[in-house]
Amino acid sequence: LEERKIAYRIPKQGIMIETPSAALLSDRFAEKVDFAFGLADQMPNLTTFYMDDYFCNNWKFRRPTSELVDLKVRMQEKGLELACVLYSDQNGFKKEYRPQLALCDEVSCWFWEGENITGMAERMETCRDFVPAESRLMLGLYMWDFGGRKPLSADLMKRQLDVAGDLIARGIVNGLIFHCTI
C-alpha cells in the first residue's frame, strides 16, 4: 500500500502553538511556517505547504517574493513542496502574482461562484498559460456554490465533472481536488 501524502495549509487564521510555558495564538507568518516545519519533522508523509487564500485581497500574510525565495530554499532542503490557491472568479490571474507563482510546485484553481462553471474550460486554459509550465495545475471542484450560498445543482455538478474530465484528457490540468463543504 502506497503511503499517502498530505499537505499542510498555511492558514490566514491564527494557529495554536505550544510553547514551554503556554499555548499561544500566533498570527505571524514566520511562526506558522516554523510550526509547519515542526509537523513535517514528525510526519514524513507531510510533503507540501499550501498557501490558501494567499492572493486574496488584503491578506496580511502575503510576503515579499524574497521571503518566499528563502522559504522555498528551506523547503527544498527538506524535500518539501510549495503550493498555492488561485480563485478564477475572485482574484483572477494578475501579472504581479507571477514571480511568487514561479516558486510554487503546484497551483490549484477554484471557482467560488457556481454560475462561473459554464466558463470553466476557457478559464482553466487561461490559467494553464498563466501558471509556470513546470508547476502542476490542479482543478479544485466544489460541491457548494459559495457565491450563491447553496449546494451546486445536479446540472452544474455534472457539467463541472464533464469539463474536468476533458481538461485532464487534454493535459490542461494534472489532477482534481474535491472539496465537499456544505
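The largest pocket in this predicted model is lined by 14 residues. Tyr50, Asp52, Val85, Trp110 and Ile177 are the ones nearest its centre. Four elements give two or more residues each to that lining: the strands β1, residues 6-10, β5, residues 81-87, β6, residues 106-110, and β10. The space in the pocket comes to about 310 Å³.

Now the enclosed space. How many cavities of 30 Å³ or more does a search of the whole structure find? It finds one. The largest cavity has a volume of about 50 Å³, and 13 residues line it. Phe111, Ile117, Tyr142, Leu152 and Gln160 lie nearest the centre of that cavity. Both β7 and β8 supply at least two residues of the lining, and β7 gives the most, with three.

Gln160 takes us to helix α5, since Gln160 is one of its buried residues. The others in that list are Met157, Val163, Ala164 and Leu167. These buried residues cover an arc of only 130 degrees around the axis, so they sit on the same side of α5. The general reason for such a pattern is that an α-helix has 3.6 residues a turn, so residues three or four places apart point the same way.

What does the buried side of α5 pack against? Its buried residues pack against α4, residues 120-130, β7, residues 136-142, and β10, residues 175-179. On the face turned away from that side, the exposed residues are Ala154, Asp155, Lys158 and Ala169.

The length of α5 can be checked too. The helix runs over residues 154-169, which is 16 residues, and at 1.5 Å a residue it should span 22 Å. The end C-alpha atoms are 23 Å apart, which agrees. Just after α5 comes Gly171, with a positive phi of about 75 degrees.

Helix α1 can be read the same way. It covers residues 29-42, 14 residues in total, with an expected span of 20 Å at 1.5 Å a residue. Its end C-alpha atoms are 20 Å apart, in agreement with that. The buried residues of α1 are Phe29, Lys32, Val33, Ala36, Phe37, Leu39 and Ala40. Their arc around the axis is only 160 degrees, which places them on the same side of α1. Asp41 and Gln42, on the other side of α1, are exposed.

Take Leu39 from that helix. Is Leu39 buried or exposed? Its relative accessible area is 19%, and the cut-off for buried is under 20%, so Leu39 counts as buried. What does Leu39 touch, leaving aside neighbours within four places in sequence? The contacts are Tyr8 and Leu46. Leu39 and Tyr8 are 31 residues apart in sequence, and their C-alpha atoms are 8.8 Å apart in space.

Next, the loops. Ser135 is in the loop between α4 and β7. Ser135 is buried, at 2% relative accessible area. Not counting residues up to four places away in sequence, Ser135 touches Leu101, Cys104, Asp105, Arg128 and Asn174.

Two other loop residues have a positive phi without being glycine. Asp53 has a phi near 60 degrees and is in the loop between β4, residues 46-51, and α2, residues 65-77. Arg149 has a phi near 55 degrees and is in the loop between β8, residues 144-145, and β9, residues 150-151. Which of these is buried, and which exposed? Asp53 counts as buried, at 11% relative accessibility. Arg149 is exposed, with a relative accessible area of 70%.

Last, the cysteines. How many disulfides does a search of the whole structure find? It finds zero. Why is there no bond between Cys109 and Cys127? The closest cysteine sulfur to that of Cys109 is in Cys127, 4.1 Å away. A disulfide needs sulfur atoms within 2.5 Å, so this pair is too far apart for a bond. Cys109 is buried, with 0% relative accessible area, and Cys127 also counts as buried, at 0%.

Definitions and conventions
Residues numbered from 1 in each chain as written. Predicted model: local features only at pLDDT ≥ 70, side-chain atom pairs only at ≥ 80, totals over all residues. Heavy atoms only, no water. Expected span 1.5 Å × (residues − 1). Buried < 20%, exposed > 50% of the residue type's maximum accessible area, 1.4 Å probe, protein only. Arc of directions from axis to C-beta. Contact = heavy atoms within 4.5 Å. 1 Å grid on protein atoms, 1.4 Å probe; cavity = no way out; pocket = protein on both sides within 12 Å on 5 of 7 lines; lining within 4 Å. Points joined across faces, edges and corners; volume = space filled by probe spheres on them.
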